[in-house]
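This report goes through the structure shown below, from its core to its helices, cysteines and backbone.

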Amino acid sequence: MLKFTLKSERRTMASSVSSSVSKEVPQVGDQLEKITAPYGSWKSPITADVVSGASKRIGGAAVDDSGRLIWLESRPSESGREVLVKEPEKLGEEPIDITPKEFSVRTTAQEYGGGAFMISGDTIVFSNFEDQRLYKQSINPNSSPRPLTPDYGEPLVSYADGVFDLRFNRYIAVREDRRNNSSSPTTTIVSIGLEEKAIEDPEVLVEGSDFYAFPRVDPKGKRIAWIQWHHPNMPWDKSELWVGYLSENGKINKRVCVAGCDPELVESPTEPKWSSEGELFFVTDRKSGFWNLYKWFEADNEASPVYSLNAEFSRPLWVFGINSYGFLPGHQGENYILCSYRQHGRSYLGVVGDTQSSPSLLDIPFSDIDNITIGKHCFYVEGASAFHPPSIARVTLEEKNLKVVEFTIIWSSSPDILTYKSYFSIPRLIEFATEVPGEKAYAYFYPPFNPLYHSCEDEKPPLLLESHGGPTDESRGILNLRIQYWTSRGWAFVNVNYGGSSGYGRDYRERLLRKWGIVDVNDCCSCAKYLVDSGAVDAERLCISGESAGGYTTLAALAFRDTFKAGASLYGIADLRMLSADMHKFESHYIDNLVGGERDYYERSPINFVEKFYCPIILFQGLDDKVVPPIQARKIYEALKEKGMPVALIEYEGEQHGFRKAENIKFTLEQQMLFFARLVGRFEVAD
């Protein structure tokens with residue numbers, strides 16, 4: 001039984017894997033015959049160092065006045081610091097860091113952040129992680145940021161999802177104020193002056209609701225749209241779209257509800273945007289249950305669908321700053337909307353015009369799309385595919401027929417990834433029956449693959465099943481080196497989109513209401529059984545892993561089912577009632593909706609049934625986690641240790657809900673592999 005607490009400066013406890021990435025990757029042509037070796041024991045150049053080095057993430061993007069893209073990049077090698085980076089003038093040149101080294105661009109609003117910066121012309125306004133104040137900075141990398149908001153002594157006030165209001169020379173953003181009550185902060189929409197003068201308290205423009213997002217000002221600065229929602233709803237359950245009319249002094253003197261206020265109609269509008277002509281568009285899931293594009297007709301306060309499709313044109317608002325569509329410059333008097341949507345487990349990119357009956361699909365290599373940013377004479381797409389890691393591509397269209405004439409990747413989470421191309425396992429979307437007659441669920445299955453190895457003929461591979469977090473979220477079939485770390489060593493890997501996942505419409509999403517810990521667990525077990533029955537994996541070597549809510553599904557599956565032989569919980573939930581009691585404001589009623597009454601809380605909390613745990617478990621936890629407090633992992637660890645079960649707990653100082661430091665990402669991956677190999681794998685790890 002092991003328990004480690006890793007301080008940020010200590011890196012010596014990790015397994016001995018080379019600290020440098022070799023560029024001399026063995027290829028299939030380098031030898032005549034494949035090596036016969038047990039699944040799981042294969043040697044792979046995709047090391048934990050390679051994976052942790054490819055863990056950079058994008059936190060938003062915008063275009064400056066020169067037409068060049070600026071994106072927010074997280075860097076595990078700098079302890080997760082987030083930096084604004086400018087696209088170079090010429091392809092192949094190095095991008096330019098804009099954020100000074102003493103700053104990190106990140107907001108903690110609603111705990112998960114997002115929308116931490118915005119650009120207008122050559123001016124950036126951003127949230128600094130350490131003090132959570134807003135700063136104004138020129139795009140010139142040598143310029144010094146100037147604070148815009150007061151210093152309250154502690155980082156008790158956060159800002160997010162801001163936009164420039166050029167008419168009144170101000171910045172409008174969502175503010176979360178924890179000064180009076182840290183567990184239930186006040187959320188408002190505020191304005192912050194941009195003039196060079198003494199710093200003042202922001203002025204409240206909109207208040208009274210529990211939550212706000214997407215404050216968006218029209219091109220003339222006369223109207224502002226926003227999304228709001230109230231407890232006990234999450235924004236994807238039920239929300240409202242409002243428009244306020246700005247008076248000559250910049251205050252809102254009139255407001256109208258555009259969507260979400262009809263008591264007979266359940267919908268969750270999101271992503272309001274004004275076109276250059278001052279027309280309001282948004283996304284909502286009224287009637288059909290799928291998020292589709294709508295246009296507001298102001299005179300009658302009516303909204304009509306731009307195009308109806310059983311597909312999702314947006315995604316759950318876990319973080320601020322979602323950007324699923326945008327407006328292309330008009331051609332011959334017609335307006336075009338560039339939009340992405342998800343259907344049948346993949347993303348599509350299309351253009352919808354005023355006179356079109358359906359989107360014109362654009363042929364690009366990405367099968368998974370997150371955000372779209374409109375540039376000058378081009379646009380940028382954040383996306384990925386089975387062959388591309390998370391990347392940013394610049395796309396140019398032929399104006400007359402809207403065909404893609406140029407697709408250039410300008411940023412990649414793993415620039416050297418093609419070095420390992422011959423080792424990649426390609427995901428396959430699978431559909432399997434659930435325990436509910438007539439219902440199906442979905443998953444991405446990655447078979448084990450290594451060009452230099454094969455197994456004995458009668459051996460089936462071990463399986464690592466991953467349950468995604470959220471739980472209102474979605475696993476996607478993209479190139480992820482963390483997954484390839486497993487498959488290139490001879491593991492099968494499957495990402496399950498259990499009932500309750502996003503990407504498949506409201507009905508599918510609501511399968512989990514009052515049934516969390518039942519539907520998700522059943523679907524994960526059904527998926528594992530489907531793969532065993534189809535002969536794809538070894539029934540005696542089924543492992544399960546998950547982060548956060550996925551960690552809960554993992555622990556619940558290990559406590560209440562006997563399908564899996566070992567598990568790994570990364571900052572997972574063990575005690576639902578404790579989680580609900582300690583939960584931050586954003587999710588404070590989310591758990592009630594997913595679980596139900598007091599009896600359900602008790603009966604679905606793995607911590608209350610430690611006697612039912614039957615197999616080895618390894619737990620990973622950040623000590624600064626405010627979403628899932630460390631005591632939950634410790635309670636599971638102590639209970640299993642007392643029971644005599646094989647159990648390990650690794651705690652990380654300086655980590656929150658999700659690991660950002662390269663050394664911790666690396667160590668977590670290595671320890672999962674070693675733990676599973678030693679206790680259920682029946683093989684020696686090659687490296």
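## Core

W516 touches P471, A549, Y552, T553, I573, L576, I591, L594, V595 and R604, leaving aside residues up to four places away in sequence. Contact here means heavy atoms within 4.5 Å. Apart from the largest nonpolar core lies another, of 44 residues, including V50, A568, I665 and V680. The largest one has 113 residues, and W516 is among those with the most contacts inside it, together with L463, L465 and V494. A nonpolar core is a set of buried Ala, Val, Leu, Ile, Met, Phe, Trp, Tyr and Cys residues joined through side-chain atoms within 4.5 Å. Buried means under 20% relative accessible area, exposed over 50%, and partly exposed in between, with a 1.4 Å probe and protein chains only. In soluble globular proteins, nonpolar side chains tend to be buried together.

## Basis of the model

This is a predicted model, in which local features need pLDDT of at least 70 and side-chain atom pairs count only at pLDDT 80 or more, while totals for chains, interfaces and linings use all residues. Residues are numbered from 1 along each chain as its sequence is written, and side-chain values use heavy atoms, with hydrogens and water left out.

## Helix 5

Helix 5 covers residues 549-560, twelve in number, and reaches 16 Å from its first C-alpha to its last, close to the 16 Å expected at 1.5 Å a residue. The expected span is 1.5 Å times one less than the number of residues. Helices (H or I, at least four residues) and strands (E, at least two) are DSSP runs, numbered from the N terminus.

Eleven of the twelve residues of helix 5 are buried, so the helix is largely enclosed by the rest of the structure. Among these buried residues are A549, Y552 and T553, which also appear among the contacts of W516. The cover over the buried residues of helix 5 includes strand 34 (463-467), helix 4 (519-533), strand 36 (542-547), strand 37 (566-570), helix 6 (576-582) and strand 38 (617-622).

## Helix 4 and its packing

Helix 4 is mostly covered as well, with eleven of its 15 residues buried. They include D520, V521, C524 and C527. At 1.5 Å a residue its 15 residues should span 21 Å, and the end C-alpha atoms are 20 Å apart, which agrees. Strand 31 (428-433), strand 32 (440-446), strand 34, strand 35 (492-497), strand 36 and helix 5 are among the elements that cover the buried residues of helix 4. Just after this helix, G535 takes a positive phi of about 80°.

How do helix 4 and helix 5 pack, and at what angle? Their axes are 9 Å apart and the angle is about 70°, so helix 4 is roughly perpendicular to helix 5. Axes are lines fitted to C-alpha atoms, for helices over the stretch in contact, and angles run from 0 to 180 degrees between N-to-C directions. Angles under 35 degrees count as roughly parallel, over 145 as roughly antiparallel, 65 to 115 as roughly perpendicular and the rest as oblique. At this meeting, D520, V521 and C524 of helix 4 contact Y552, T553, A556 and A557 of helix 5.

## Cysteines

The structure holds one disulfide, a pair of cysteine sulfur atoms within 2.5 Å. This disulfide joins C257 to C261, with 2.0 Å from S to S. The torsion about the S-S bond is about 95°, so the disulfide is right-handed. C257 is buried at 15% relative accessibility, whereas C261 is partly exposed at 36%.

C527 is in no disulfide; the nearest cysteine sulfur, that of C524, is 7.3 Å away. C527 is buried, at 0% relative accessibility. For C615, the closest cysteine sulfur is in C543, at 8.2 Å, too far for a bond. C615 is buried too, at 3%.

## Backbone details

A cis peptide bond joins H231 and P232, with omega about 5°. P232 is in the loop between strand 16 (223-229) and strand 17 (240-246). The peptide bond from G470 to P471 is also cis, with omega near 5°. P471, a contact of W516, is in the loop between strand 34 and helix 2 (481-487).

Q132 is not a glycine but has a positive phi of about 60°. Q132 lies in the loop between strand 8 (123-127) and strand 9 (134-138), and is buried at 1% relative accessibility. H377, not a glycine either, has a positive phi of about 65°. H377 is in the loop between strand 27 (368-374) and strand 28 (379-384), and is exposed at 78%.
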